[in-house]
Amino acid sequence: MATLKDYKATIDSVTETEMSILDSLAYLHAERLRRGITQKELADRIGMSQPQLAKIEKGTSLPSLKTMARYAAGLGLVVHLSFTPAGKRQSSK
C-alpha cells in the first residue's frame, strides 16, 4: 500500500513552498481529528464557517498565514514561521 510520502514524491505540479503549506495544513487537520473536534466546533471557535474550514482542509482554498494562525490557535497551538536557505528545507513537524 502506498503511503502519503510515496504519493508526494510523484507530485510535480506543486512547488516546495506550497507542499510545505499543505503539510502544515495536513498536520492541523490530523490534530483536529486526533482531538475529536468536529469541523463545526473548530469553525465556531475561530469565527469561521464550517464550509470555509472544509475548503481549507480539502486543499481547495489556500489560507493566509493569519487564517492558519487562527486555525492553530483554535487547537491550542501556535504557528512558528522560519526561513532557511533555498535547498535546505527543514522537516515541518
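Is Y71 buried or exposed, judged by relative accessibility? Y71 counts as buried, because its relative accessibility is 2% and the cut-off for burial is under 20%. The legends below refer to a predicted model.

**View 1. The whole chain is helical in its regular elements, with five helices and zero strands.** Along the sequence, the pattern reads α-α-α-α-α. The protein chain has 93 residues, and 25% of them are buried. Take the contacts between residues at least 6 apart in sequence: 51% of these join residues at least 24 apart.

**View 2. Y71 sits in helix 5.** The residue is buried at 2% relative accessibility. Which residues does Y71 contact, leaving aside neighbours within four places in sequence? They are L28, H29, R32, L42, I46, L53, I56 and E57. G47 lies 24 residues from Y71 in sequence. In space, the C-alpha atoms of Y71 and G47 are 9.7 Å apart.

**View 3. Helix 5, residues 65–74, has a buried face.** The buried residues of this helix are T67, M68, Y71, A72 and G74. Seen down the axis of helix 5, they fall within an arc of 160°, so they line one face. What covers them includes helix 2 (16–34), helix 3 (39–46) and helix 4 (50–58). G76 follows helix 5. The phi of G76 is positive, near 75°.

**View 4. Helix 3 buries Q39, L42, A43 and I46.** Seen down the axis of helix 3, these residues fall within an arc of 100°, so they line one face of the helix. They pack against helix 2, helix 4 and helix 5. Just after helix 3 comes G47, with a positive phi of about 70°.

**View 5. Helix 3 crosses helix 5.** Two packed helices are described by the angle between their axes and the distance between the axes. Here the axes come within 9 Å. They cross at roughly 115°. Helix 3 and helix 5 are therefore roughly perpendicular to each other. The crossing is right-handed. Helix 3 supplies L42, R45 and I46 to the contact. Helix 5 supplies R70, Y71 and G74. By class, the residues of this contact are three nonpolar, one polar and two charged.

**View 6. Helix 2 packs with helix 5 at an angle of about 25°.** Their axes are 10 Å apart. How is helix 2 oriented relative to helix 5, roughly parallel or roughly antiparallel? The angle makes helix 2 roughly parallel to helix 5. The crossing of helix 2 and helix 5 is left-handed. On the helix 2 side, the contact is made by I21, S24, L25, L28, H29 and R32. On the helix 5 side, M68, Y71 and A72 take part. The contact of helix 2 with helix 5 divides into six nonpolar, two polar and one charged residues.

**View 7. Y71 appears in the contacts of helix 5 with helix 3 and with helix 2.** L42 and I46 are among the residues that Y71 contacts, and both belong to the helix 3 side of its contact with helix 5. L28, H29 and R32 are also among the contacts of Y71. These three belong to the helix 2 side of the contact with helix 5.

Definitions and conventions: Residues are numbered from 1 along each chain as its sequence is written. This is a predicted model: local features need pLDDT of at least 70, side-chain atom pairs count only at pLDDT 80 or more; totals for chains, interfaces and linings use all residues. Side-chain values use heavy atoms; hydrogens and water are left out. Buried means under 20% relative accessible area, exposed over 50%, partly exposed in between (1.4 Å probe, protein chains only). Helices (H or I, at least four residues) and strands (E, at least two) are DSSP runs, numbered from the N terminus. The arc is that of the directions from the helix axis to the C-beta atoms. Contact means heavy atoms within 4.5 Å. Axes are lines fitted to C-alpha atoms, for helices over the stretch in contact, and angles run from 0 to 180 degrees between N-to-C directions. Angles under 35 degrees count as roughly parallel, over 145 as roughly antiparallel, 65 to 115 as roughly perpendicular and the rest as oblique. A crossing is left-handed if the near helix is turned anticlockwise from the far one by less than a right angle, and right-handed if clockwise. Ala, Val, Leu, Ile, Met, Phe, Trp, Tyr, Cys and Pro count as nonpolar, Asp, Glu, Lys and Arg as charged, and the others, Gly among them, as polar.
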